[in-house]
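Dear colleague,

I am passing on the structure that we talked about, and below it I have set out what was found in it. Please keep the structure open beside the text as you read.

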Amino acid sequence: MTISAFDLFKIGIGPSSSHTGGPMTAAYLFTDRLRTDGLLAGVQRVQVDLFGSLGVTGHGHGTVKAVLLGLEGDQPHLVDPTTADARVAAIGEGRSLDLAGELRITFDPETDVLLHRRQRLDYHTNGMRFSAYSAGGEKILSREYFSVGGGFVLDEDEIGSETAAVEPVPVTHPFDTADQLLDLCRRTGSSFSDVVLANELSLRSEAEVREGLLGIWAVMEDTIRRGTTTGGILPGGLSVRRRADRQRQLLEKADDPTDRLGTMEWVTLFALAVNEENAAGGRVVTAPTNGAAGIIPAVLKYYVDFVPGADDDGVVRFLLAATAVGSLFKKNASISGAEVGCQGEVGSACAMAAGALAEVLGGTPEQVENAAEIGIEHNLGLTCDPVGGLVQIPCIERNAVGAMKAITAARMAVRGDGQHHVSLDVAIKTMRDTGADMMDKYKETARGGLALNVVEC
């Protein structure tokens, strides 16, 4: 099973890939199934059941909003975030929606979307069930879907597979572990990015790969731009102020070439900007999740703005190397905060960014693997405890800290010789085991940690 760069980096909207992007995709897939099976015209009513973490934090993470948009035929990469709130409000006020964008049905979000806070489906905590009924109350179709992290969605027929790929495509350099990847690099004289590019070429042309990755980077940069030029209060009721715009203005006024910490402050700003946009429901790139969407763009922006000789080729190599590392987490552990805590989101993003930066800084495959290992090792045990169920506290600042940690890891690694005691494979296994041991209240339920101890006001 090969994971593409375009699986890990998906354009969508905030605030959560698993709780917003995944449910929107699931709702779209359900309506598409109704259409392709010729059942759409007979639908009179639809009921949505959200279980586990989706039921607990559904409103704070925008799950209900995402489901409504998905039922109307929207997809995360196509939906217009500037009109989304108005459309959802209209559905609530009119108690009706356009199913699959074609069929007007009666729909009341208050009664037709049920949040099961104490129940979960067996396979995964992010489970949901969509059911369509006829005018006579007969069930036409019912399907269960699971949002397994990073926007990946499995339906009930795909349980046990890692992704929802239609058919596996043979690739040039298959690998499942970091050890296998390093062995490939040694035998072929390739870098991490070379290996992933060769595999991508099994799916699309090199020009398409390059154009697609530079397009993803363009969206990341645009998110940074919007985040650093927009002020105000984030939605959700916590009254969290957006800080990136003001910090940009302060940094531009300071502009002190003798300040050796200036670069660090810019990187912090980049990450804050992305995650404030994410928290506001703006357009972001899942990297590899929305909750951790600011780390890779901030570190890549650091490369572009502050590393001499940076160019588009380096941007492409950065994202390909990040894919190599991210695929190892997706295959061998999890990138879902609801499954393993924030170590699976910020931790994996930090490792991806660290490994990618080490490569474009000229690191060997061994140094790249070392950088990625440092990135995850020092995020092990990180809990997911969003205050109020919102992707704001501690998520926004956590991305800024994660970005700086990734840069530190990369620079430490390229100063070494690649030799170290803890391998990336061992660190990933440890992350998986730690997530399994972690109490559920620390895994995106807003029932423990800061979520329990910070008074919402």
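Helix α11 and its surroundings

Helix α11 (residues 262-279) has 18 residues, which at 1.5 Å a residue should span 26 Å, and its end C-alpha atoms are indeed 26 Å apart, so the two values agree. Please bear in mind throughout that this is a predicted model. Of the 18 residues of α11, 13 are buried, and the helix is therefore largely enclosed by the rest of the structure. After α11 comes G281, which has a positive phi near 80°.

Domains and annotations

The domain assignment divides the protein into domain 1 (14-158) and domain 2 (178-442), and the C-alpha centres of these two domains lie 30 Å apart. Where the two meet, 22 residues of domain 1 are in contact with 21 residues of domain 2.

The UniProt record, an unreviewed entry, carries the annotation "domain: Serine dehydratase beta chain" over residues 4-158, a span that is 37% helix and 29% strand, with its end C-alpha atoms 18 Å apart. The same unreviewed entry places the annotation "domain: Serine dehydratase-like alpha subunit" on residues 189-451, where the chain is 61% helix and 2% strand and the end C-alpha atoms are 48 Å apart.

Helix α5 and what follows it

Helix α5 (residues 81-94) has 14 residues and reaches 20 Å from its first C-alpha to its last, close to the 20 Å expected at 1.5 Å a residue. Its buried residues are A84, V88 and I91, and because they cover an arc of only 60° around the axis, they sit on the same side of α5. This fits a general rule: an α-helix has 3.6 residues a turn, so residues three or four places apart point the same way. The buried residues of α5 pack against α4 (63-71), β3 (96-99) and α6 (109-112), whereas the face turned away from that buried side carries the exposed residues T82, A86 and E93.

Directly after α5 comes R95, which is found in the loop between α5 and β3 and has a positive phi near 50° although it is a residue other than glycine. With a relative accessible area of 48%, R95 is partly exposed. Its side chain meets that of D108 in a salt bridge, at 3.4 Å from N to O. This pair links distant parts of the chain, since D108 belongs to the loop between β4 (103-106) and α6, and the two residues are 13 residues apart. D108, at 16% relative accessibility, counts as buried.

Other salt bridges

A search of the whole structure finds 31 salt bridges, and a few of them may be worth locating in the viewer. One joins R33 to D37, with the closest N and O atoms 3.1 Å apart; R33 is partly exposed, at a relative accessible area of 28%, and D37 is also partly exposed, at 40%.

Another brings together the side chains of K301 and D305, at 3.5 Å from N to O. These two residues are four residues apart in helix α12 (residues 295-306), and so they are separated by about one helical turn. K301, at 15% relative accessibility, counts as buried, whereas D305 is partly exposed, with a relative accessible area of 40%. Elsewhere, salt bridges that share partners join D222, R225, R226, R242 and E277 into one network.

Backbone details to check

Most residues other than glycine have a negative phi, and most peptide bonds are trans. Against that background, the following places may be of interest when you go through the backbone.

A cis peptide bond, with omega about 10°, joins G14 and P15, and P15 lies in the loop between β1 (10-13) and α2 (17-36). The peptide bond from A287 to P288 is also cis, with omega near -5°, and P288 is found in the loop between β9 (283-286) and α12.

Besides R95, whose positive phi is described above, A100 has a positive phi of about 60° although it is not a glycine. A100 lies in the loop between β3 and β4 and, at 8% relative accessibility, counts as buried.

With best wishes

Technical notes. Residues are numbered from 1 along each chain as its sequence is written. This is a predicted model: local features need pLDDT of at least 70, side-chain atom pairs count only at pLDDT 80 or more; totals for chains, interfaces and linings use all residues. Side-chain values use heavy atoms; hydrogens and water are left out. UniProt positions are given in the numbering used here, feature names are shortened, and annotations may be inferred rather than shown by experiment. The expected span of a helix is 1.5 Å times one less than its number of residues. Buried means under 20% relative accessible area, exposed over 50%, partly exposed in between (1.4 Å probe, protein chains only). The arc is that of the directions from the helix axis to the C-beta atoms. Contact means heavy atoms within 4.5 Å. A salt bridge is a side-chain nitrogen of Lys or Arg within 4 Å of a carboxyl oxygen of Asp or Glu. Domain bounds come from an automatic or database domain assignment.
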